[in-house]
Amino acid sequence: MYARNHRDLGTPAAPAIRPTPDPTGAEVNVTLEIDQRPITVPQGTSIMRAAALAGQPIPKLCATDTLDAFGSCRLCLVEIDGRRGFPASCTTPVAEGIKVRTQTDQLHQLRRNVLELYISDHPLDCVSCPANGHCELQDVAQQLGVTETRYGLNGQNHLSAAKDESNVYFTFDPSMCIVCSRCVRACDEVQGTFALTIEGRGFGSKVAASQSEPLMDSECVSCGACVEACPTVALTEKSLIQIGPPTETVTTTCAYCGVGCSFNAEVKGGREVVRMAPNRDGHANHGHACVKGRFAFGYATHPDRITTPLVRRRITDPWEEVTWDDAIGHVAAEFRRIQAKYGRDSIGGIPSSRCTNEEAFLVQKLVRAAFGNNNVDTCARVCHSPTGYGLKQTIGESAGTQAFDSVMKADVIVIVGANPTDGHPVFASQLKRRLRQGAQLVVIDPREIALVRTPHIEAAAHLQVRPGTNVALFNALAHVIVTEGLTKEDYVFERCDADAYRKWKTFVAEARNSPEATASETGVSPELVRRAARVYATARNAAIYYGLGVTEHSQGSTMVMCIAQLAMATGNLGREGVGVNPLRGQNNVQGSCDMGSFPHEFSGYRHVSDPGVRALFEQEWGVRLESEPGLRLPNMFEAALDGSFKGIYIQGEDPAQSDPDTQHITAALASMECVVVQDLFLSETAKYAHVFLPGSSFLEKDGTFTNAERRISPVRKVMAPRAGLQDWEVTVRLANALGYPMHYRHPSEIMDEIARLTPTFHGVSYQKLNRLGSIQWPCNDAAPEGTPTMHVGTFVRGKGKFFVTEYVPTTERATRKYPLLLTTGRILTQYNVGAQTRRTRNVAWRSEDTLEIHPHDAEVRGVKDGDWVGITSRSGDIVLHAEVTERVRPGVVYTTFHFAESGANVVTTENSDWATNCPEYKVTAVEVVRVNQPSAWQKRHHDFTDQQLELLKHRRRPTHA
């Protein structure tokens, strides 16, 4: 069922056709008559779409503008002068000068007859139907004046077909199905899963999932594309059935991964979200979604939400409910007390990558202007900080180079250390579409991710690299490209530092960097390395997409430089279809970095030591600012254990679960005197808090998010904040309580300040966002409507810079005591630390973290699928259920960190990237043994959690006279 406010034009827009090879030339247009009215449309447009654009929509059921024309329903017939018969308008393209009639008596009778056949096998209970008033079949019946059928309802039919209620979010009612194939085509064309089919023939035709399985047991990934495409109520959201039809729509942006999908939140009564309908005008998602964004929004109204400020003296004390004024006043007094006793640098703050740009900007401003130090850091420290460093050094900007749509012009796509189908599923669907069109794929990952082999797709090469050896592998790839003469010398010498390039070229050409010499280290066959290098370097357009499997290593920054240098050496930067593209993990981790959330940088990635930049901020903020970088996140925890860091303001982050070496983090939190957590739920970190400030979900606030392609998108308030305040308002109150004035009335005013202070945002405003829908920075006088592709013609830093990238093996290596290497990642249905998705029905797919282990490693340890296994490292030990699979290579095990009780980060270590301190989550030496009970840490965690939940349950509430 399409969104309430969507105008469906029937078929997709035609690809641009130009009379010359010049891609900037004018499109070829065609003029025709439709019902005696002339209209001009691009060549290749269907008659159906042209008629809709002319304001004369043609009845249809099997057609929709998100799917290729199919021509099966026979309702969209038209007459064309000089042609015989009644062609389907959806599959018939326009032609110069033709005269089309869409409304004649004969067409009307043909359509009525076809429709009567449909409704003879369809329940006629529109009044009680949840889609009443928003059903395409009902709309067409009204358009044609059909209220009954001459064929009767007593013949053979499907009205008693059993419903499939297995999926937790939507239902399939075969009695309502008209077998238009839109759901099947959406699964194929939009999502690319191929989970649905039309089974049988003629009257026996029906929609089936996989091998006639229940939807929940099939290959269906619950993206909802089939639900979106269904023209009846055969496939519909259970929330629509339970709550009833929505009454209003608010367009906003998803708060899950870094794709940044645009949604129309459909609301009933201004307070209850009925469903999230993907916005077909969304520039990042084009009307598609995944199971999280489309369905998993129930956490926003979950009973676990804490909506009243809480205060306590010690973490063993019961909480006390207080007013906002009392809570803010208490925090301000405590922070002033701590600074007076321990010094100005004894407190700091962490803005959230799940909150808006405006909220992140205010937190770093609070720290710098009100706290008086630079002790601010963001969760990007533990994920993509090497991206910022590596790309800044080589090409001059700390962000990806392309728009997502650029992938549709790539001839070769390289995926490194990422799993897009699970981590960035909507982009993965677009990527798969390009692969089905013929682009080649190279995957570099220790695991066999789904893209290696999926319907109609098989990777040209899968380099199953040993964890920790990425740099050695990329030096080997570069060796092949250089020694076989595959570099683009003209491009390099025009756009890059020639001396630096020659040094790099000499280095990678050394025999020690050859695929043969590095094979024992990387575990990848030399033949495979050479094949992958040639595929990438000889492509017309080759694009690299990478994830945390690149950055979360001791040489994460070096590896990012390796990637950028490979792209420069082969001329794969500065146009569509190429580029270096980090797949950011959280909805606003890019924006959090852009806003100056690192201790050494103001917004726009400008160093705090730059006197000119600092003067700009001092003038705007009216306060003297520190010139020395503050503490990074790991340094804050170290200082806490040393006794010099005593207070912290954490907005929407959960380092007690997400950061490495959990026991180290929780010890640091326990040693502080005032831990302030602003969140939706009692997170793992909040269990160590002295003050809890209720947060607001993305549905309860205004602002913007910036996705992985630098796209700034509006976040709009759908319902009132359940705790009374949006997150930015809490920060404003805290600043004022500390004596630093902030007087914003709306987030648009914060964005205006960001634009004044940040060169890449100079042209950004809410007015422009409302007009354009979204904007990719840089947006300034040189690019007033944004920049989809960066580094066109020249690099941001001027000349691209090459560096010698010597491979330095990680100290975290397999040993006799710890012979396996643990690496980590995420799964489709859960997100980050699980605070959101664990409080939705997504737990129906996965309700615990498991350990993937290769059959050989399992066999020698006597481990069978489903067994409890203990995972021990030098940091700690946990117990998980084993999943025996060949997805991982021998010697490597894999898990996720979505469930707090699993404690995945109990076993990860303090190892980190040499340049940025990004933790080395992807390489931990472990041993795995079969066990029969939880670990000691898990037992302690269980008891501690029970204690904290009891303290929350029995919190003291104020008495009212």
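1. A pocket, as the word is used here, is an open set of grid points with protein on both sides within 12 Å along at least five of seven lines, and its lining residues have an atom within 4 Å of a point. The model under review is a predicted one, and in it the largest pocket is lined by 44 residues, of which Pro-12, Ala-13, Asp-65, His-286 and Arg-433 lie nearest its centre.

2. The space in this largest pocket comes to about 1,300 Å³, and the residues that line the pocket are of mixed character, with 17 counted as nonpolar, 14 as polar and 13 as charged.

3. Three helices, H4 (182–191), H5 (225–229) and H12 (425–436), each give at least two residues to the lining of the largest pocket, and H12 provides the largest share, which is five residues.

4. Turning to the strands, E26 spans residues 691–694 and is covered on both faces, since Val-691 and Leu-693 on one side are buried, as are Phe-692 and Pro-694 on the other. As background, the side chains of a regular strand alternate between the two faces of the sheet.

5. Which strands pair with E26, and in which sense? Strand E12 (residues 310–311) pairs with E26 in the antiparallel sense over two bridges, whereas strand E25 (residues 674–679) pairs with E26 in the parallel sense over four bridges.

6. Phe-692 of E26 deserves a second look in the viewer, for this residue is the bridge partner of Leu-310, and Val-677 also stands opposite Phe-692.

Note on methods:
Residues numbered from 1 in each chain as written. Predicted model: local features only at pLDDT ≥ 70, side-chain atom pairs only at ≥ 80, totals over all residues. Heavy atoms only, no water. 1 Å grid on protein atoms, 1.4 Å probe; cavity = no way out; pocket = protein on both sides within 12 Å on 5 of 7 lines; lining within 4 Å. Points joined across faces, edges and corners; volume = space filled by probe spheres on them. Nonpolar A, V, L, I, M, F, W, Y, C, P; charged D, E, K, R; others polar. Buried < 20%, exposed > 50% of the residue type's maximum accessible area, 1.4 Å probe, protein only. Pairing = 2+ DSSP bridges.
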